[in-house]
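Trainee: I should like to take a close look at a single part of this protein, with the aromatic residues as my guide. Could you please lead me through it step by step?

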Amino acid sequence: MIMKNKKNTHTPIPSSIPRLHLLLLSLSLSSTSCSSSLLKKPPPLPILPLPSAPQLQWQLGHMAMFLHFGPNTFTDSEWGTGHVDPSVFNPTNLNATQWVQVAKDSGFSRVILTAKHHDGFCLWPTDYTNYSVSSSPWRNGGGDVVGELAKAAKDAGIGLGLYLSPWDRHEQCYGNTLEYNEFYMGQMTELLTRYGNIKEVWLDGAKGEGEKDMDYFFDSWFSLIHQHQPGAVIFSDAGPDTRWVGDEAGVAGSTCWSLFNRSSAKIGDTDFQYSRGGDPFGHDWVPAECDVSIRPGWFWHSSQVPKSARTLLELYYKSVGRNCLLLLNVPPNSSGLISAEDIEVLKEFSELRRSIFSQNLAKDAKIFASSTRGSANNSWFNPYNVIEEGFHSYWAPEENQSNWVLYFDLQELVSFNILLVEEPIHMGQRVIKFHLQILNENGEWNKVTNGTTVGYRRLLQFPIVKSRNLRFVIEKSRAEPLISYLGLYMDPFSILSNISDSTTQTSINSSQILPHIDFNHSQIAVL
């Protein structure tokens with residue numbers, strides 16, 4: 001019912017009320033007003049698409065270790081024929097606990113095993129073929145590599161993933177679409193129901209030229225996997241949960257969106273550029289996974305040596321540092337162990353990362369923002385959130401702004417050459433373009449570096465600069481930008497022989513000696 005000409009119904013305060021009562025009433029009204037001002041302003045609306053819980057867990061893991069192992073390990077080959085006698089598989093010292101411990105000590109969140117590679121040999125005692133560990137001399141035919149790895153991973157508290165090759169060069173029914181899809185789903189069901197929680201199922205479209213032509217029922221496979229293992233992410237050229245980055249070099253595009261259109265991708269027929277960069281207009285959340293081997297080959301070969309730790313660090317910057325997960329293959333040798341030289345490289349790689357990223361050089365900074373959601377004095381979206389680890393807290397600007405800037409007073413001159421930025425991706429991927437500037441002794445802002453997408457984690461390298469005052473400027477965003485973390489670091493190990501176009505070198509001499517500037521809110525507007 002609409003009320004018209006509503007009269008004032010407030011009762012006037014009688015003059016006879018004692019002054020004490022008036023004072024108490026005044027305090028009560030003041031308290032109510034204060035309480036109202038402390039009400040929390042809700043978070044901004046997420047921007048679609050958004051990651052699922054398993055995708056978030058996958059992204060938080062940073063790195064996974066691939067374990068290529070099978071008859072190829074003993075025959076010095078990469079793609080087995082499918083006709084090698086099972087007796088060649090006999091890793092006399094196999095120790096899955098060692099594999100898992102190496103992975104865990106090196107900072108990997110999960111291990112992914114080639115349960116069946118293209119040769120069709122199965123590393124578990126499957127009921128659907130005799131071409132498996134059951135026909136090998138290892139453990140007198142009673143062994144189960146998948147089972148031993150599953151137990152070791154569970155005991156160590158890291159995730160387990162499995163690769164089941166669609167292409168099978170041994171199975172006679174391969175080429176008969178209906179029969180082979182039934183066979184494949186039978187084997188997949190064994191893996192998904194025998195070994196506890198599976199965190200990732202890895203598929204690809206690899207197939208040699210001239211091989212039998214047949215259709216894979218991918219949608220049926222995906223439904224089966226999600227039915228038996230709802231917490232698992234599925235990897236393939238086209239997702240549905242995580243995508244191939246488009247190369248086997250471990251390198252993502254400098255612009256890399258988790259947004260993707262699955263309808264624009266086909267497993268086995270990859271548009272490499274599309275996979276490499278993602279799609280800012282994509283309707284699906286399908287982040288990229290960067291696979292690369294620590295050695296030249298995917299399987300262990302006695303004649304090959306591992307990459308250096310510094311090379312792995314460079315790959316880390318170009319994968320994890322570009323909003324992806326790094327899937328590093330570390331193949332066990334023919335004795336069934338990860339080789340000592342590989343372990344040594346992984347230890348050095350871990351030490352390099354620990355040395356660089358153990359301390360955020362901006363952790364004691366005074367931080368100001370161009371605006372803050374809910375006002376700067378009373379906000380759960382404070383700019384200081386960006387130096388607190390964890391993506392559930394973040395800085396959010398006020399709505400309907402065109403100027404998105406974070407100002408840092410480091411309180412002393414600091415040398416650095418790495419910028420780390422993170423978005424709270426559970427709210428969607430937003431930032432399109434940004435740059436970092438430092439203030440020189442003339443009061444002028446010099447650009448140090450600039451970039452495009454951020455996502456879960458963005459790392460940018462540039463020549464060493466030394467400054468006290470800097471500002472992080474977001475130039476373009478899909479919605480109000482949200483920043484969960486910003487860090488400055490010093491990497492004394494990497495050699496930047498080729499600075500990309502996204503980095504503008506700043507003269508160290510012109511930014512070394514800076515005047516002390518105490519920012520306040522009135523100064524921010526003119527800076």
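Trainee: Before we turn to the part itself, among contacts in the protein between residues at least 6 apart in sequence, what percentage join residues at least 24 apart? After that, please examine helix α7 (residues 218-228) and its buried residues closely.

Mentor: Please keep in mind throughout that this is a predicted model. Among contacts between residues at least 6 apart in sequence, 78% join residues at least 24 apart. The protein has 527 residues, of which 55% count as buried, and its elements comprise 12 helices and 16 strands.

Let us now turn to helix α7, which spans residues 218-228. Its buried residues are F218, W221, F222, L224 and I225. Around the helix axis they cover an arc of only 160 degrees, and therefore they lie on the same side of α7. D219 and Q227, by contrast, are exposed on the other side of the helix. The cover over the buried residues of α7 includes helix α6 (177-194) together with the strands β4 (200-202) and β5 (233-236).

The aromatic residues of this helix deserve separate attention. F218, W221 and F222 belong to one aromatic cluster, whose other members are Y128, Y174, Y180, F183, Y184 and Y216. A search of the whole structure finds 32 aromatic pairs. An instructive example for comparison is the pair F121 and Y131: the ring centres are 5.4 Å apart and the planes stand at 85 degrees, so the pair is edge-to-face. F121 and Y131 both lie in the loop between β2 (110-116) and α5 (145-156), so their pairing ties together parts that are 10 residues apart in sequence. Both F121 and Y131 are buried.

Returning to the cluster, we find another such pair in Y216 and F218: their ring centres are 5.5 Å apart and their planes stand at 80 degrees, so this pair too is edge-to-face. The angle settles the matter because planes over 60 degrees apart count as edge-to-face. Y216 has a relative accessible area of 14%, while the value for F218 is 16%. Each is therefore classed as buried, because the cut-off is under 20%.

F218 thus links the two parts of this account: it is one of the buried residues of α7, and it is a member of the aromatic cluster.

Key: Residues numbered from 1 in each chain as written. Predicted model: local features only at pLDDT ≥ 70, side-chain atom pairs only at ≥ 80, totals over all residues. Heavy atoms only, no water. Phe/Tyr/Trp six-rings, centres within 6.5 Å; stacked < 30°, edge-to-face > 60°. Helix = DSSP H or I, 4+ residues; strand = E, 2+ residues; numbered from the N terminus. Buried < 20%, exposed > 50% of the residue type's maximum accessible area, 1.4 Å probe, protein only. Arc of directions from axis to C-beta. Contact = heavy atoms within 4.5 Å.
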